[in-house]
Amino acid sequence: MGEDELIAYLLGARAAGDREATGLAVSMLVYGFMGNVQRRVAMKVAPESVEDVAKSVLLSALASPFDGVSVGEFRKWVGTIVQRRIADFHRDPRREIQTGPLPTEHGGDEGVWGEEPTAEFEGDTVDVQRAIDGAYSELNPLHRQVIDLSIWEDLSAGEVAERLDVSPANVHKITQRFRDRIDELFPRDGDTAS
Amino acid sequence: MTDVHALLEEYIAAHQGGGEADPREWLGRAEGRDRAVLEGLIDAYLARAPMRAWDPDGFRESGLAPFAEQVTTALHGRSGAWPALLPRLRDRAALRRAELIERLAAALGAQDRQDKVGSYYHEMEQGLLPSEGVDDKVLAALGSILGQSAESLRRAGRSLLPGAGEPPAASAQAFARHASPDPAYGDASEPPPARGAVSPDPDAEPDEIDRLFRGG
């Protein structure tokens, strides 16, 4: 069962009040997402708090109202909550819980999933993320596919070339250009990214 | 200067190889700006990485089953996120449930009604107690024990779904008929934990404790 199918299954189970089916879907999502959420959180919070923050992330994500939303948005919503819960951890030394679903108006992609997590984390990771997103958004669709396969899926230039019908040399060139662009867009001390 | 892209490739290989792939190990090999870039790249990779494939045995061994059960209880209960939250807050405060109940009863001036307070607290953790009936005095006392404000506990206790905790609608039967879990995942659904505590007697004349937990 793929990610989208699983979310759709959970939506149906919740709407129908089917506890057993909900439990199975929740188990699969928790098992599927927890590891990477913990890894992301571990880069930013104290080791003893990683599990607690990661559980907050998944509880918030799964407790969001799912009505009428494209299932593909779930992953994006998890990503948003990861950043916000990390920010919460650093902002509030008393570590007030942030879990209650407080649906905001559906004014944007983040809002439709429900609770508006509190503050965005303003740190180097966000700057790098912006640089990555910026560099990626400048690419045409074919070059994005090259980056998806060569960097995020870590395929060799030969494998990427074969799949996308481009030369391995071009794969190298596109990948290197992408890396250089991230470097340009991530501001050094005193620099302003262009 | 560190080659952050080489480190990223190494990290991805380790992650895809199924190991623990703790990113801190790789971050420890870079400094300053390189470390920040590597952190952002690893984060971007993990945000895009496919979710871990379902493995019922792996799930059982992961220790995540109680948390998943708590989330499920919260989704279908009447106490909002309390079933998933209160046990975590107890853990964070290093309190056993009996200790928490003892302190809660004392804070409410109900040392002699500890069993009843305990039953109601059990209902909060099991998603059985409608959160809107719980008095601010209870939440303030509980919050002071768990290091939270009454407001944050109140917020967390709001129902997660309209109609949650009520008897399933007819649509539940329809869903059960048409949307059975994949048999490959069938043995993952574990029975819910036993609900051992005795609920307060609904026929008894309400006393102060009832009013504090169920409203006037």
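## Salt bridges and polar contacts

Between chain A and chain B, 8 salt bridges are counted, a salt bridge being a side-chain nitrogen of Lys or Arg within 4 Å of a carboxyl oxygen of Asp or Glu. One of the salt bridges pairs B:R88 with A:D52, whose closest N and O atoms are 3.0 Å apart. The interface also holds 20 residue pairs in polar contact, both residues at pLDDT 80 or more (a pair of N or O atoms within 3.5 Å; within protein, one must be able to donate a hydrogen and the other to accept it, and residues adjacent in sequence count only if both atoms are side-chain atoms).

This is a predicted model, in which local features need pLDDT of at least 70, side-chain atom pairs count only at pLDDT 80 or more, and totals for chains, interfaces and linings use all residues. Residues are numbered from 1 along each chain as its sequence is written, chains are lettered from A in the order in which they are written, and side-chain values use heavy atoms, without hydrogens and water.

## Extent of the interface

In total, 68 residues of chain A are in contact (heavy atoms within 4.5 Å) with 78 residues of chain B. The two chains bury about 6,500 Å² between them, 61% of it on carbon and sulfur atoms; this is the accessible area (1.4 Å probe) lost on being put together, summed over both parts.

## Helix α6 of chain B

Helix α6(B), residues 82-92, has 9 of its 11 residues buried, so it is largely enclosed by the rest of the structure; buried means under 20% relative accessible area (1.4 Å probe, protein chains only), and helices are DSSP runs (H or I, at least four residues) numbered from the N terminus. Among the buried residues are B:W82, B:L85 and B:R88. Their cover includes α3 of chain A.

Technical notes
Buried < 20%, exposed > 50% of the residue type's maximum accessible area, 1.4 Å probe, protein only. Helix = DSSP H or I, 4+ residues; strand = E, 2+ residues; numbered from the N terminus.
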